[in-house]
Structure formats: C-alpha cells, structure tokens
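Here is a short report on charged side-chain pairs and cysteines. Please keep the structure in view while reading.

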Amino acid sequence: MSVTPALRAAARSAYRDLLRASSSTFAGQCSTLNSTFRLKMRTETLVLDGEARNDAKRVEEKIQLAKDLTTMLRKNVVQARRIEDDSTSDSWRLRFTKDTELGDNSTIKNPPPMQSNRRASKSGKGDTSIVDAAAPRDAPLPRNYSALKKAHKERKVPELHEDDIEESFVRGSGPGGQSINKTKNNVQLLHKPTGIPTSKGVQAVSERVLWFCSDTRPEVWSFLAVRLEAVTSRLEDLEERETVRDSKRQSTSTITDVTTSVVAAIPPPPLAPAPSPPAIVVQPVTPPKVAAFDAIVVDGKLKEFLDLTKAFAPQFLIDQVTLFADELNVLRDILLVASACRKPDQAAFGELLEPLRAAIEAISRAKEANRKEREWFNHLSAVAEGAVCTGWITVEPKPASYVNDTKDSTKFYSDKVLMQFKGKDPRHTEWVRAWISILDEMKRYVLENHPTGLVWNASGIPVSEYQPPSTPTPSDAAPPPPPPPPPPPPSETAAVAPAAGGVAAVFADLNRGAEVTKGLRKVDKSEMTHKNPALRASNVVPASASPAAGKKPVKPAKPQALMGKKPAKLALEGNKWVIEYQENEADLTISDVEINQKVNIFGCKNTTIVVRGKVNAVTMLNCTTTSLLVDSVISSVEITKSASFVLQITGTAPTIQVDSTDSGQIYLSKACLGVEITTAKCSAINVSLPVEGEEDGVFEEEAVPEMLKTVVKDGKLVTTVVKHVG
C-alpha cells in the first residue's frame, strides 16, 4: 500500500520530536555533538531509498525507530560536566531534566550484603548513584572496618549556599507522644539545585538525606535570621519607594491646583464667529476580504501582541515585531490589489511580491544581527520563523496548510522560550501564546476567505492600471455647499420649540445615526395615497390609523457561519457510524466494521477519516476540506455539498455519486476501475487512475467533463460532452 497523507504527517511529527529531544539532551556546550547526531539521522539512520519511500511498512519502521531514539535521548542519556576548581579532585555535575528516568533508591535503602572475600571483583554490583562525587569512579569500595573509618575521615562535605536552601517547619513523626506528633519540631531543608530534601529534628523522614557540616538547632536558626534580615531590608526599600512616590504625587497635585487657579483668573476670550461647515469627504469603501483581514488578524491579535512586546521586551525585539507589523501592511496592500484587479501573469505577480520579500528578509536580518543576545535569541527566531506565514498568497490549492506548517516550525522555538522561562516570568508565556494566536487567526482568515488560493477580481482592471486609494486632503475636497434657504414660517399647531437651523443641525442629525429613524412608524396600506384614490382626491391623510392586526415582522434566520460550534460526535448508533462536527483531526480511524453498517459523515472540517474493512454505504454531507480513505463499499459512496474533498478507494466500490460540490479529488485502485461516477452541479472534479505497468501509488489524473452540448435530433434532445482540442 502506498504512503497515505496521515502516515507522512506521523513521520514529520516523529522527526520533529527527535530534533527537540536532541536539542534538549545536547544543550549547552554539546552543539558539535548535536550537529553530528542530526547529520547522522538525516544521512544514514532515517534515510529511505527512492523505492522504499512509497513502502508503508518501511516508513512505519523508520517512524518507530525515531520514536525509540527520542525516548532513549530523553530518559536514558544524562549530560555530565567537569567542575573546574582549585582542588585536585575529579568532580562532575550531572544535568537531569524532567524526562530523565530516575530510580527509587531501593538498592540504597536495602543494600546487598558485603562479600567477605577480599580478592572479589572490585567492580561493585550495588547502586552507586549516591557515591561521593569527589571519589574517582574506578576506585574500589572499602571492604573492612579500617578502610571504612579512613574513608569516613577523608570524606568531603559538599559546599552549600544559603540561596540554594529552602527551609520550613512541620510536625515531627515517630515515638515520643504529643511532644513529637503535635508540635512543629521538625526542620525540613530542600536543596533547590538538586531537589534533594532533608528533614532534621526528632526523626529524619526523607529517603535521600543531604548531610550538613553542623545540624544543631542554633545554626539552623542562623539561616532563618539571615533570611529575615533580607526580608526586612526589602520591606524598608519598598517603604522608601512609596514615600518618594507620594511626595511626587503631592507636588504634581499642588502644581495642578496652582495652574487651575491661574487659568480661572484669566477672563475667557470673546466668542469666535461660527466656522464654516466642514467639507464632505467620501471615504473609499474597504473590500469585504480586506475588512475581514483587519478584523481577524490586525485588530484582533496584532495590536495586542505589539502592546505585550513593548511592555517588557528589549528594543531590538520591539523593532523586529514592528517590522512584522509592516509586513502585514504590505500583505494588506496586496489584498487591496487582488480585490480590484484580475489575476496577472507570473512576471507582474512577482513584481507585486517584491515588497513582501523585502519585509521578510528585513525580519531575518534583525534576527541575525542580534545573535549575541542569547537570552532573547529564541524569541527572535520564533518571530523570524513565523514571519513567512504571509507566503500563503503564492500557494495553491491549499494555502491554509502552508500557514499550519509555518506554525509547526515556529513552535520549535516557542517551546524553547516556554522551557527557558518556565516558573520565572509569566509574561514570556503570554507573549508566546499571543504570537501563536496570530498564526492561528491567519489560518482561519485564509480558510474563510481564500480557501483555494488568493482570490482575484475576475471582472477587475489590470494590475498595471491600479492606483492605490488615497485619503483626500482638505484642499482637494469639494467646496462647501451653499447656505440653506430661510426657514418656513412657524406652524400655528406646532407645540414644540424650534430647533437650531442651518448646516450644523443637519450634521447633528446625521451624527445621531440610527436614532434619526427611531421615532418613525410603519405606514399602513390604508394611509398610502397610491393605493387609495380617495386620499389622493382629498389630499388629506388621517392623523392616525389603527395598525394592522396580527402582522408581525418575520425574524430572519441566523446564518450558518454565526451559529455556535457544536460538539464533535463519533458513535455507532444501531448499524450506522455517525461522524459529526469533527475539526482538525489528522487521523480518525474506524475499524472492525461490518458489511451491514453505513458510515454517515456530516459537518467535518480539515479532517482525515479512515474506514478499515468493507461497509454497506458511505455518505458525506456539508463537509469542508475532508479526506476519506475507504477499503471497500458494497452499494455506493455519496458526497454532497462537500467542497475540496479527497476520496481514495483501496478496494472496490460500484458507484460514486457527487452532487453540488466544487473542487474534489478521487483516487481509484486497480480493482475499482469498473466504478460508475455520477456528478451533478459539480465543478473541478478530478479522477486519478492507476497507471498500468507501474507500482502502486503512481496515478494519472483525468478531469470529469463539465461542459455539455445539447442538440435536437429527430424530435429528441441529444447531449454530448464538449471536448477542447489544441
């Protein structure tokens, strides 16, 4: 069987996990070893020949090998560094990670009996995980009392720092009654760099004990006194800051009061004559797809990301994020061109993309220029890696997949940022989430507005004749309108006070918006002069009329796009498999099916569904960008209103029916060449047929005819397919 898209996605995921594991294991000064490991993976271990690339079994074996290597690197490989000091001891520091596989110290708590034969092998079989780091690794273990006493005198206590110790007081445990079990007489110390706990008091309760030079209570209290002194100093600094801030605030309020009194003493200037009415400027209408881009990407996520970056990031990262904002402005200009112009040739389109390429290169140069900033280099790399997401305008027919791949490559560096500042500064976590949300919203915008590629205006002008919209200046605006006519004489029946007239009143009403028509009522048919000749003859309309009884405005139906997201469903109901509202599922597999069962698929998006076995029938309705892999079908496969679908049949199927669907791809096996394909109200449907004499997975694409010619022959309609030749 050929390699499916789901298997390719699994291969990419396993390879990315292997790269992340190697970066974590060989971090620091092991960059050369990391590069050598990656080169060996790419050129030797995970390489498949040209024929083996299409062998699903070989690909699965390589995927499993990559997963095993990832597990081995994360759990079983520990980095050790030599500690450089003035002593002559050979000491090493081990770097454990959260994934390192650790033992339970059972061999230390219950050590094996010592051998009595002094000539036994010097390689001890016990666990050596707590052997003193200063002792050489190949030194023999002492076997008698004299050797043990000498080793005890020559032992070296590890150096401890106050900042590395966390202290707490808890209740003790063990024999002793209430004086032990109901008082806080146990001091617990935690060594932060190693995570080794120590409990000192009546009874030590930890499994792994870090012994100190002195374990008396007064010296333990000395640690606490130093911490209290540091806390007191910190509180004094905060109090001084608050005092300075209050003094500045009082001086500011005093200046404000003096300024207010001086301004109040100055007499107000004489009223200026009423200004002339402003010129009416007609703003250009923003195309719907550009307005959606502004609402979803720019106003929705970009502004929040800019504000978050300016709040804590250094200037060079702010400059790079500003360059990305300029890149989105360039993309917006291209969308304006596409909404007004028809699709150009490749040369003109390449010239149109030059500013976008320059913007992407500027972001990459900003990353390389600040490579020395090691603490922020992962931030710079994440922005540079995700800046290429705007290249979806050159991708057809699935630009959203390109944006999704860009997001996956960006997460390699964003995950590094999360690990680097985990538990330190939550602002970095918020920054990463805001950056990833921009890529997610960019993908959503592409799926909703450009699902198969950049949409051009088929009836638009050429790109060479396009002029960008510009905001008119006051000098270019139209002259002000002439003064209004004098107001009519007041009516005798008018009971309200006259409102201010002139152009100012007109603009005041226009600024009210929907409030202008709020007081209007619906005119009944009995008050319409064009439907009542008697009213036209008398020229008088009744002051009030009874509203039409029983008539209420019809509430419009809510559009499908505005309806809430419904819960996903995958269940077997009787003899029907129901798959509904699945989104972004890369490999949704149904196995152990029976020949009397049916599969109904409804409302799925960006989902790959695999049906293993032979079923009675398969139905797909109202799905978008959904891929379906079926082994065999007894009756038929029906696809209705499912744009951009992909159907692959590896076994047999007698009938395939496609109705009201645009853009679809059908892959047939050699055993399924006798199928009948029926289409109605469809476009861009292609069928891929296996090539005779070639291996599995080699297809030749044929298009389903869309243009028909009908003529009258002998009193009957005769329809034939129109073929274009040349």
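## Salt bridges and cysteines

E368 is partly exposed, with a relative accessibility of 42%. The model is a predicted one. The salt-bridge partner of E368 is R371. Their closest N and O atoms lie 2.7 Å apart. R371 is likewise partly exposed, and its relative accessible area is 37%.

This pair belongs to a wider set. The structure holds 14 salt bridges. Three of the pairs are listed here.

| Pair | N to O distance | Accessibility of the acid | Accessibility of the base |
|---|---|---|---|
| D299 and K303 | 3.1 Å | D299, 43% | K303, 47% |
| E368 and R371 | 2.7 Å | E368, 42% | R371, 37% |
| E441 and R444 | 2.8 Å | E441, 17% | R444, 36% |

Take D299 and K303. Their side chains meet in a salt bridge. Both residues sit in helix α8, which covers residues 288-312. They are four residues apart, about one turn of that helix. How exposed is D299? D299 is partly exposed, at 43% relative accessible area. K303 is partly exposed too, at 47%.

Next come E441 and R444. A salt bridge joins their side chains, at 2.8 Å from N to O. Both belong to helix α14, residues 426-449. Because the two residues are three apart in this helix, about one helical turn separates them. Is E441 buried or exposed? E441 counts as buried, because its relative accessibility of 17% falls under the 20% cut-off. R444 is partly exposed, at 36%. Elsewhere, D17, R20 and D415 form one network, joined by salt bridges that share partners.

Now the cysteines. How many disulfides does the structure hold? The count is zero. A disulfide is a covalent bond that links the sulfur atoms of two cysteines. C604 takes part in none. Which cysteine sulfur is nearest to C604? That of C623 is, at 4.6 Å. The pair does not count as a disulfide, because the 4.6 Å separation is not within the 2.5 Å limit. C604 is buried, with a relative accessibility of 0%. C341 is also buried, at 0% relative accessibility.

Conventions:
Residues are numbered from 1 along each chain as its sequence is written. This is a predicted model: local features need pLDDT of at least 70, side-chain atom pairs count only at pLDDT 80 or more; totals for chains, interfaces and linings use all residues. Side-chain values use heavy atoms; hydrogens and water are left out. A salt bridge is a side-chain nitrogen of Lys or Arg within 4 Å of a carboxyl oxygen of Asp or Glu. Buried means under 20% relative accessible area, exposed over 50%, partly exposed in between (1.4 Å probe, protein chains only).
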